[in-house]
Amino acid sequence: MAALAKRTIFTAVVLVVLMAAPALGVKKYLFKTCGEASFCRRNRAYADLAGSKGAAWASPYAIDPSTVTFDGGVLQGSIQKTLTDSTGASSNVEFPFQLVFLESGSARFVVDEKQRAESPIPGFPDNLTQRRYNEASKWAVTGDLTPDISAVESTTDEERMTAVYRVRYGPDRQFEAIVQANPLQIKFYRDGEPHVILNDRGLFNMDHYRPKPSDMDNQDLSNELDVKDMWEESFGGKEDKKPKGPESIALDVTFPGYEHVFGIPEHADQFSLRETRGGEGNHNEPYRLFNVDIFEYEVNSPMAMYGAIPFMQAHKKGSSVAIFWANAAETWIDITKTKPNPESFGIRKSTETHWISESGIIDVYVFLGPDPTSVYQQYGLLTGFTSLPPIYSLGYHQCRWNYNSEEDVLEVDANFDKYDIPYDAIWLDIEYTDNKKYFTWLKSMFPNPEKMMQVLDKRKRKLVTIIDPHLKKESGYKVYEGLSKNELAVKTDSGDEYNGWCWPGESAWIDTFNPKAIEYWKEQFKPGKYCGHENNLLIWNDMNEPSVFNGPEVSAPRDTIHYGNWEHRDVHNIYGLTFVNATVQAMQAREPRQRPFVLTRAFYAGSQRLGAVWTGDNAATWDYLRIATPMLLSNSIAGFGFVGADVGGFFGNPTSELLTRWYQAGAFYPFFRGHAHIESKRREPWIPGEPYTSIIRAAIRLRYQLLPSIYTAFHRASFDGVPIVRPMFLLAPDNEEAFGIDDQFFFGETGLLVKPIVQEGATSTDIYLPDDEIYYDYWDHTIYQGIGYKHIEAPLEKIPVLARGGHIIVRRDRQRRSATLMSHDPLTLVVNLDSTGNAAGVLYLDDGETPAYSRGAYLHRFFMFNAEDNILRSRSMQASSGANKSFEKSIDDIRIERIIVVGLDSDRLKTNHAVEAFQDRKSWSADIDVTKAADGKATVVTVRDPKLLVAADWSIQF
Amino acid sequence: MKISVGAFALALAYTGHEVLAAKSTHVRGVPDADQALYQPDENGNWACLNHPDIVLPMSRINDDYCDCPDGSDEPGTSACPNGKFYCVNKGHVPGLIPSSRVNDGVCDYDICCDGSDEWAGIVKCENKCREFAAEYAKKQAEVRRTQVAGWNARAKLVAKASSIRQALQKELTQLDNQIAVSDARVVKAKEALKLAEMQSSSRVGTKGSPLLGRVKARIEEYQKATAALTDRITMLEARLALAQEILQKLNEEYNPNYNDEGVKAAVKAYQEFKESDPGDGDYRQYVDITETDDDELFSEEQIDVDPDIVEYESYIPLQWRLWIHDQKTKLRDFLVQHGLLAERKPSGETASVANAKKERDAAERQNNELKSKRENVAKDLAADFGDDDVFRALAGECVDIESGEFTYQMCFNERITQKGKSGGPTNLGVFDKIEGDKMHFSNGVKCWNGPQRSAIVEMQCGEKNKILSVSEPAMCEYFFKIVTPALCTKPPDTDTKPKDEL
């Protein structure tokens with residue numbers, strides 16, 4: 001929800017409207033361009049200067065070879081910046097660096113500023129921590145940062161003479177880092193080729209601490225490119241005092257031979273990132289990472305949005321690599337692609353990137369792949385994987401700003417049953433509160449929320465309430481009073497409580513960097529204190545960028561102060577993560593037997609550990625439906641795969657056709673929620689009427705049918721980071737033609753290739769097959785094969801989905817009212833044979849809601865159809881333990897009720913009426929139904945109730 | 001999701017041997033009445049009910065696998081997506097539950113009070129039919145009471161609507177008569193004007209035309225006659241008032257317990273007489289003519305005030321002048337209308353022409369008034385007031401409810417308002433139309449930055465008009481649920497009751 005639409009109303013009421021009719025679309029003037037952020041402007045100018053000098057560019061930064069050491073997996077030393085004043089006298093500034101080779105196979109390059117890290121600087125603001133902010137990794141990284149002592153230096157004597165150092169590291173020491181002192185450069189090699197080059201273009205730049213000269217006119221500024229706005233800066237009439245002066249950092253990273261780079265969400269743009277320095281189809285502005293509440297964001301834009309993950313993947317034929325820029329301050333990323341250079345990197349273009357952050361240290365992680373899956377695993381081992389969500393959170397969510405009363409909520413709930421549509425959670429936006437005071441209820445409309453929750457619980461459905469980080473400054477509001485009294489709010493630069501405006505009017509923001517604030521937050525969620533003792537409560541954290549209506553760029557002033565005496569500018573992009581972290585901890589404390597579910601709008605690297613995210617306030621037009629697919633892909637490859645876009649579009653009123661197409665797309669979003677703005681008309685699935693309601697029902701039911709496979713995909717994401725929504729290059733890593741395709745995706749482990757219809761009136765589409773595998777139309781089993789576009793019909797009632805051969809899909813075909821109510825149902829296996837007649841698949845199953853799985857209470861099975869012997873087998877993938885035995889016992893009544901084999905040569909069947917099933921040293925026959933191949937459709941063999949158990953080893957001889 | 005009365009009646013029809021058959025091969029989830037449909041054929045097989053070509057062994061009925069596209073082979077399990085499970089609900093009304101709710105771990109007591117939908121043991125659902133039956137009987141009785149009371153209340157509304165309609169029709173007839181008279185007056189006035197104009201034109205340039213003298217004489221005659229008639233009418237009115245007073249007294253004070261047909265008929269006739277009072281018409285206008293007449297009307301020199309004012313205007317800036325001229329015209333029209341100023345006429349127009357014009361205008365004005373009144377009455381009569389015209393009786397009647405911080409008032413066929421603790425009422429919409437069980441109100445006060453407010457009122461049968469709830473499903477779009485006798489239908493005859501109670 002939320003958003004500036006709400007704010008627009010608010011602003012107009014409180015501040016009186018200054019503009020006549022507010023135009024639709026993003027208010028660009030609210031947000032900075034690179035030119036309006038002095039550090040970005042200066043570093044871009046620095047890049048231009050270097051670029052204009054070409055080979056003659058001499059960076060003032062170089063490693064002092066005398067400082068370089070290598071020990072215990074760490075290469076370290078000092079980078080010196082040489083300053084020359086107008087008299088020609090030179091001086092040095094020292095920036096100690098470390099190149100750490102991690103046990104997990106990644107490398108980490110850290111550069112700090114010596115004077116700020118060491119002895120006290122006279123005149124440095126005493127209310128601030130003197131050192132540069134170096135805790136982005138502390139929040140983002142939960143993985144092992146132990147240096148790999150088996151990394152070896154293999155520098156030759158000759159190299160040492162020229163101050164070049166070489167370290168072999170990684171799995172089997174296949175990776176190599178070559179560090180050059182002057183010009184400063186670090187090249188990362190794999191398979192004898194460079195894949196990532198740090199400071200290839202010499203744009204490394206760190207503002208060292210310098211107090212504002214008392215007399216600017218007579219100051220020697222020969223080392224400064226542009227002194228404007230270095231010591232204070234204002235935007236939109238709001239002053240930033242910049243007490244630490246300029247402290248930006250910048251580094252260029254080249255991906256040689258890589259034409260495509262992906263990631264750095266969140267942007268409403270295509271998946272393969274564009275160049276940002278002009279030219280047709282390119283941007284003129286860098287991609288910006290700065291969490292903001294952006295009202296009616298525009299599509300195809302590099303503007304900053306609600307979340308920031310400074311993770312970029314470069315992919316080329318045969319190789320994938322990535323970097324993670326662990327910095328929490330405002331960050332801009334310029335991207336350019338060089339002309340092909342046959343001499344150095346073959347015929348492909350290279351991608352050059354330029355990373356610019358306002359403050360903090362340089363802390364960059366390099367992942368050398370070699371393939372996308374390895375990259376995601378390496379990144380996940382650092383920042384954590386998606387935590388396994390409760391299964392009901394993978395069902396359909398019904399939201400609206402607002403369901404106004406208990407009656408309203410229960411009527412919507414009852415209508416789902418009336419129209420026989422399953423759903424799992426109903427959501428309450430801000431209006432449920434008493435005057436936007438979180439943890440309170442508007443009693444006139446919600447006199448008995450506990451009872452309402454009990455009614456929802458009858459069908460195992462959940463209630464989601466919104467809780468935001470701004471707390472109304474009002475005497476008598478206990479949550480605020482406690483916060484204020486204990487000084488747990490974000491502070492101003494003079495140490496007072498910071499107050500700004502948000503939904504409730506004047507508010508304070510909880511400083512969730514503070515461990516005491518987290519404890520305080522836990523208190524607020526205690527059962528009985530909030531929402532009785534019902535355990536079907538889920539939480540929605542919104543506005544956590546943070547959104548401050550009267551703040552600069554709709555956020556907190558950069559010179560406000562957080563726990564640890566860090567300025568907001570240092571921690572901005574992480575604030576949202578810390579807030580969700582506090583909520584998750586609070587919910588775990590509230591109900592330790594339940595896996596928490598928290599949805600967030602703002603995010604950072606590592607937020608995937610904490611819950612789900614959505615793409616914020618989109619609009620009910622086809623453009624936003626279209627852009628959702630690349631946005632989901634970008635988030636997914638950057639580790640945060642539990643993502644969705646508001647189905648229907650938040651602002652405005654979708655046509656019935658758009659709404660229907662959006663549900664069809666949304667059924668494949670990892671997070672599946674319908675949502676609507678307060679000024680929009682009701683649009684629950686039954687509102688549009690026939691034929692739309694039936695088509696929407698079918699889409700939602702398909703979602704529920706596929707839940708076992710979706711849950712299995714989430715399970716995989718939770719231990720190796722492979723996302724739910726997958727780009728073409730994940731299955732076809734060598735097909736260059738497919739790298740930029742971002743209007744279709746593979747879904748989990750199912751092999752389903754989904755292409756949402758995003759055009760009004762479309763009744764057919766072209767799906768691109770990225771590889772030579774056989775594909776079957778999911779609905780009628782029509783066979784498609786051969787790389788390239790295939791035309792398929794897609795009337796309104798049909799979602800264009802192809803099933804790639806070689807995968808086994810696990811479904812639950814019985815329709816229930818919610819995900820939890822399906823837990824006793826039998827399973828259906830859909831075996832889509834590949835062109836060699838083989839197929840395989842995985843099923844992960846557990847109780848779906850408690851943390852017992854982490855102690856082994858789960859089922860993990862592997863299904864394989866073998867073409868050689870025509871046998872489908874089920875085998876366990878887990879070690880036998882007490883916990884899984886007892887879980888298996890709890891599901892010993894769950895059987896495989898149906899097996900559908902697509903693409904089996906009917907001549908290979910032993911008989912046309914039965915197959916033989918083997919389980920537990922017994923065998924019996926099971927009837928089959930054979931639909932022979934015809935009209936371009938594959939043969940379909942359906943095994944009728946083979947009476948096999950999901951928890952047992954078994955096989956079927958076809 | 002109650003089983004239909006028809007199907008249930010069918011169930012009752014089966015007795016005796018059918019029960020015996022059911023005992024041997026009772027099929028779960030199928031009513032006794034339909035058990036016969038689950039008999040094996042001569043080969044011991046069975047065919048899907050709506051797909052006779054799909055033949056299955058008997059063992060496949062309720063084996064928890066869906067074989068029939070119509071779901072008929074799995075009436076007792078959740079295997080088929082489109083099946084229905086029959087709950088016997090002994091002691092209560094049987095129920096049919098979608099098969100997707102069989103064995104899902106939820107006791108769906110609202111349909112299966114006997115808990116038979118959860119036979120697999122995922123959850124234990126005790127039989128609550130005794131409780132539900134009692135509650136249901138109570139509810140049914142209340143429903144029936146409401147239906148009966150509502151139906152009776154509706155009958156009264158219909159009767160009231162009918163008498164309103166009759167009154168309107170009567171009024172229409174009277175208006176038609178008055179219009180006929182008025183039409184004649186207009187024709188006459190126009191002729192008189194024509195005549196006056198002819199005389200006037202023939203007199204141009206001359207003073208004291210002989211025709212003018214004759215007309216003046218004739219008018220004086222008419223004036224005398226009219227004055228005499230007026231006196232007569234005044235006298236008759238006084239006597240009528242006296243007679244009415246006597247009858248009114250009779251009407252109020254007679255003893256209805258004395259069964260005197262003569263008195264009762266007189267009272268009734270008087271009441272009708274009173275209701276049909278046509279009013280005093282417009283004859284006084286004629287009287288006015290006699291009063292305002294004077295010799296000046298016939299003089300040749302009329303004072304025209306206009307030139308003086310025009311001169312004033314020429315001293316005033318243009319933009320003000322236009323405004324003043326406008327105001328001046330309005331003022332003059334007002335004065336003319338109220339007889340304070342002579343109507344402006346082309347210079348040289350005679351007093352007789354002016355007078356004739358005045359009469360023509362008065363006649364036309366009266367004629368227009370009557371016609372517009374007639375149009376309104378006719379429109380009212382033609383308006384849709386729902387079945388039996390029932391809402392005609394409710395139009396204008398209001399009901400209130402307090403909800404949240406507001407009090408809402410809904411007036412049938414008129415408007416809906418919302419009133420906060422302070423400030424005046426906000427118009428949520430004026431009556432637009434009735435469609436089925438919904439009343440639509442639209443064109444309310446515009447929301448800030450939003451649409452005009454509007455409301456939909458969903459009605460169901462109730463003994464009295466009452467708002468049950470109000471909500472705002474979308475911003476500035478309100479939704480009311482009300483009960484009203486207007487929506488009640490004739491309750492089913494009570495002799496079907498024993499079946500219900502079985």
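Reader: What area is buried between chain A and chain B, and what share of it do carbon and sulfur atoms give?

Author: This is a predicted model, and in it about 2,600 Å² is buried between chain A and chain B, with carbon and sulfur atoms giving 43% of that area. On the side of chain A, the residues that lose the most area to chain B are A:Arg816, A:Arg817 and A:Arg944, which together account for 24% of what that side buries.

Reader: How many residues of each chain are in contact, and how many salt bridges are counted between chain A and chain B?

Author: The contact involves 31 residues of chain A and 27 residues of chain B, and the count of salt bridges between the two chains is 11. One of the salt bridges joins A:Arg817 to B:Asp104, where the closest N and O atoms are 2.7 Å apart; A:Arg817 is also among the residues that lose the most area to chain B. Across the interface, 19 residue pairs are found in polar contact, with both residues at pLDDT 80 or more.

Reader: Which elements give two or more residues to the side of chain A that touches chain B, and how do the residues of that side divide into nonpolar, polar and charged?

Author: The elements are α1 (4-15), α8 (406-418), β48 (895-902) and β51 (940-949) of chain A, and β51(A) gives the most, with 4 residues. By residue class, that side of chain A divides into 7 nonpolar, 6 polar and 18 charged.

Reader: Turning to salt bridges over all chains, how many does the structure hold, and which parts does the pair of A:Arg44 and A:Asp334 tie together?

Author: The structure holds 98 salt bridges over all chains. In the pair you name, the closest N and O atoms of A:Arg44 and A:Asp334 are 2.8 Å apart. Because A:Arg44 lies in helix α2 (residues 38-53) of chain A and A:Asp334 in strand β19 (residues 331-337) of chain A, the salt bridge ties together parts that are 290 residues apart in sequence.

Reader: How should I read a sheet, and in what order do the strands of the 8-stranded open sheet of chain A stand?

Author: Strands of a sheet pair through backbone hydrogen bonds, and the pairing is either parallel or antiparallel. Here the 8 strands follow the order β33-β32-β31-β28-β24-β23-β22-β34 in chain A, with parallel pairing. The edges are held by β33 (643-644) and β34 (672-674) of chain A, each of which has a single partner strand, so one side of each is left without a neighbour in the sheet. At the β33 edge, β32 (residues 612-614) of chain A pairs with β33(A) in the parallel sense over 2 bridges, and A:Val613 stands opposite A:Val643 there. Helix α12 (residues 568-590) of chain A lies across β28 (537-541) and β31 (598-600) of chain A, and runs at about 170° to β28(A).

Reader: What is the pairing in the open sheet of 6 strands, and which are its edge strands?

Author: The pairing is antiparallel, and the order is β35-β36-β37-β42-β39-β40 in chain A. The edge strands, β35 (725-726) and β40 (783-785) of chain A, each pair on one side only. Strand β39 (residues 774-777) of chain A is joined to β40(A) in the antiparallel sense over 3 bridges, with A:Tyr784 as the bridge partner of A:Tyr775.

Reader: How many residues lie between β49(A) and β50(A) in their hairpin?

Author: There are 2 residues between them, and A:Asp920 in the turn has a positive phi of about 55°. The two strands, β49 (residues 914-919) and β50 (residues 922-931) of chain A, pair in the antiparallel sense over 6 bridges, and A:Val915 stands opposite A:Ala926 in β50(A). Strand β49(A) is also joined by 4 bridges to β52 (residues 954-957) of chain A, again running antiparallel, and in that pairing A:Ala917 stands opposite A:Ile956.

Reader: Where are there cis peptide bonds, and where is A:Asp191 placed?

Author: Most residues other than glycine have a negative phi, and most peptide bonds are trans. In this model, a cis peptide bond joins A:Pro265 and A:Glu266, with omega about 20°, and A:Glu266 is in the loop between β15 (260-263) and β16 (287-289) of chain A. A cis peptide bond also joins A:Glu545 and A:Pro546, with omega about 0°; A:Pro546 lies in the loop between β28 and β29 (561-562) of chain A. As for A:Asp191, its phi is near 55°, a positive value in a residue other than glycine, and its place is in the loop between β9 (185-190) and β10 (193-198) of chain A.

Note on methods. Residues are numbered from 1 along each chain as its sequence is written. Chains are lettered from A and ligands numbered from 1 in the order in which they are written. This is a predicted model: local features need pLDDT of at least 70, side-chain atom pairs count only at pLDDT 80 or more; totals for chains, interfaces and linings use all residues. Side-chain values use heavy atoms; hydrogens and water are left out. Two strands pair if DSSP finds at least two bridges between them. Contact means heavy atoms within 4.5 Å. Axes are lines fitted to C-alpha atoms, for helices over the stretch in contact, and angles run from 0 to 180 degrees between N-to-C directions. Buried area is the accessible area (1.4 Å probe) that two parts lose on being put together, summed over both. A salt bridge is a side-chain nitrogen of Lys or Arg within 4 Å of a carboxyl oxygen of Asp or Glu. A polar contact is a pair of N or O atoms within 3.5 Å; within protein, one must be able to donate a hydrogen and the other to accept it, and residues adjacent in sequence count only if both atoms are side-chain atoms. Ala, Val, Leu, Ile, Met, Phe, Trp, Tyr, Cys and Pro count as nonpolar, Asp, Glu, Lys and Arg as charged, and the others, Gly among them, as polar.
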